[in-house]
Structures are given as C-alpha cells and as structure tokens.
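Welcome, and thanks for taking a look at this one. Please have the model open in your viewer while you read, and follow the headings in turn.

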Amino acid sequence: KNGKKVLACLQRSLRIADTCMDSALNVRLFVEILNEYLYFFEEGNDAVVVKYLTGLIALIKTHLANMEVGEENPELAESVKKYFVNTLAHIKDKQAANEGNYSQIEF
C-alpha cells in the first residue's frame, strides 16, 4: 500500500542480490527482482517508475554479457537467460497490447 516503502524494499533487495558471488545466481536474483518491480508497476504503484525498470533491464543485460563462458553451473546460466528472455517477452506483449505505461519501457 505504501509505494515508497515498496520501492525501498525492492532497492534493498537489489543491493543484497548484488553481493552474491555466483554470477548466474546473481543475475537470477536480479531477474526475480525485475519481475517484482513489474508486478508493482502493473498494480499502479506510483513509486515504481519506468526509469527503475529500464535501469534494471540494462543492469541484467550487462551482467548476462559478463557471465563467464565457463560457468560452474551452465544449466543455471542457461535457465537464467531463458527466464530473462521470458520476462522481456512479457513486457513486449504488454507493449503490443498498449497496456499501462509499458510502451515507455526501453530495452
């Protein structure tokens, strides 16, 4: 109900996820957090704005690009990539349907 508290919690979760040492797990946490941001964005939380979504998408893309080819757990790395692709597909679907402010999200 309190938009600013929700945003503070989401931002705190990003800081915690960033401390994770395993890069694939780190990115997975970021994608999960992105999905939470999208939920609150869809619900009309005024504190969750497009710039946070766009910034988080860019952060995830950077981390994906930097994921080491020789990941210790290639299955996890692949599942994280698929999870992110599915999340982006959800955003594209919402953009195509002209729902809410999704058209403003850039990636």
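## Helices and overall fold

A helix here is a DSSP run of H or I with at least four residues, and helices are numbered from the N terminus. One residue to try this on is Ala17, which sits in helix H1, covering residues 3-18. Please keep in mind that this is a predicted model.

How many helices and strands does the protein chain have? There are four helices and zero strands, and reading along the sequence gives the pattern α-α-α-α.

## Size and packing

What radius of gyration does the protein chain have, and what would a compact globule have? For 107 residues, a compact globule would come out near 13 Å, and the protein chain has 14 Å, so the two agree. You can also follow the C-alpha trace along its principal axes, where it spans about 40 × 30 × 15 Å.

Buried residues account for 35% of the 107 residues in the protein chain. The exposed area is about 6,700 Å², with 52% of it supplied by carbon and sulfur atoms. As for contacts between residues at least 6 apart in sequence, 62% of them join residues at least 24 apart.

## Ala17 in helix H1

Is Ala17 buried or exposed? Its relative accessible area is 3%, and the cut-off for buried is under 20%, so Ala17 counts as buried. Setting aside neighbours within four places in sequence, Ala17 makes contact with Asn26, Leu29, Phe30 and Ile33.

For a distance to check in your viewer, pick the C-alpha atoms of Ala17 and His90: these residues are 73 apart along the chain, and the atoms are separated by 23 Å.

## Tyr39 in helix H2

Helix H2 takes in residues 23-42, and Tyr39 belongs to it. With a relative accessible area of 44%, Tyr39 is partly exposed, because that class lies between the 20% and 50% cut-offs. From Tyr39 to Asp93 there are 54 residues along the chain, and their C-alpha atoms are separated by 15 Å.

## Thr87 and Ala77 in helix H4

Helix H4 covers residues 74-96, and Thr87 lies in this helix. Thr87 is buried, at a relative accessible area of 3%. Which residues does Thr87 touch, not counting those up to four places away in sequence? The answer is Val31, Leu34, Asn35 and Leu38.

Ala77 is also placed in helix H4. Its relative accessibility is 6%, so Ala77 counts as buried too. Measuring out to Ala8, you will find 69 residues of sequence and 28 Å of space between the two, C-alpha to C-alpha.

## After helix H4

Moving on past the helix, Asn98 lies in the segment after H4. What sign does the phi of Asn98 have? Its phi is positive, at about 55°, although Asn98 is not a glycine. Asn98 is exposed, with a relative accessible area of 66%.

Gly100 lies in the segment after helix H4 as well. A relative accessible area of 68% is over the 50% cut-off, so Gly100 is exposed. Gly100 and Gly44 are 56 residues apart in sequence, while their C-alpha atoms are 8.7 Å apart in space.

## The largest pocket

Rolling a probe the size of a water molecule over the atoms shows where empty space is left. Here the largest pocket has a volume of about 160 Å³.

Which residues line the largest pocket? One part of the list is Phe41, Glu42, Gly44, Asn45, Asp46, Val48, Val49 and Val50, and the rest is Gly100, Asn101, Tyr102 and Gln104. Gly44 and Gly100, the pair placed 8.7 Å apart, are both among these lining residues. By residue class, the lining divides into five nonpolar, five polar and two charged. Glycine goes into the polar group in this scheme, so Gly44 and Gly100 are counted there.

Methods. Residues are numbered from 1 along each chain as its sequence is written. This is a predicted model: local features need pLDDT of at least 70, side-chain atom pairs count only at pLDDT 80 or more; totals for chains, interfaces and linings use all residues. Side-chain values use heavy atoms; hydrogens and water are left out. On a 1 Å grid over the protein atoms alone, a cavity is a set of points where a 1.4 Å probe fits but cannot get out, and a pocket is an open set with protein on both sides within 12 Å along at least five of seven lines; lining residues have an atom within 4 Å of a point. Grid points are joined across faces, edges and corners, and a volume is the space filled by probe spheres set on the points. Helices (H or I, at least four residues) and strands (E, at least two) are DSSP runs, numbered from the N terminus. The radius of gyration is taken over C-alpha atoms; the globule rule is 2.2 Å times the number of residues to the power 0.38. Buried means under 20% relative accessible area, exposed over 50%, partly exposed in between (1.4 Å probe, protein chains only). Contact means heavy atoms within 4.5 Å. Accessible areas come from the Shrake-Rupley method with a 1.4 Å probe; for residues, only the protein chains shown count as cover.
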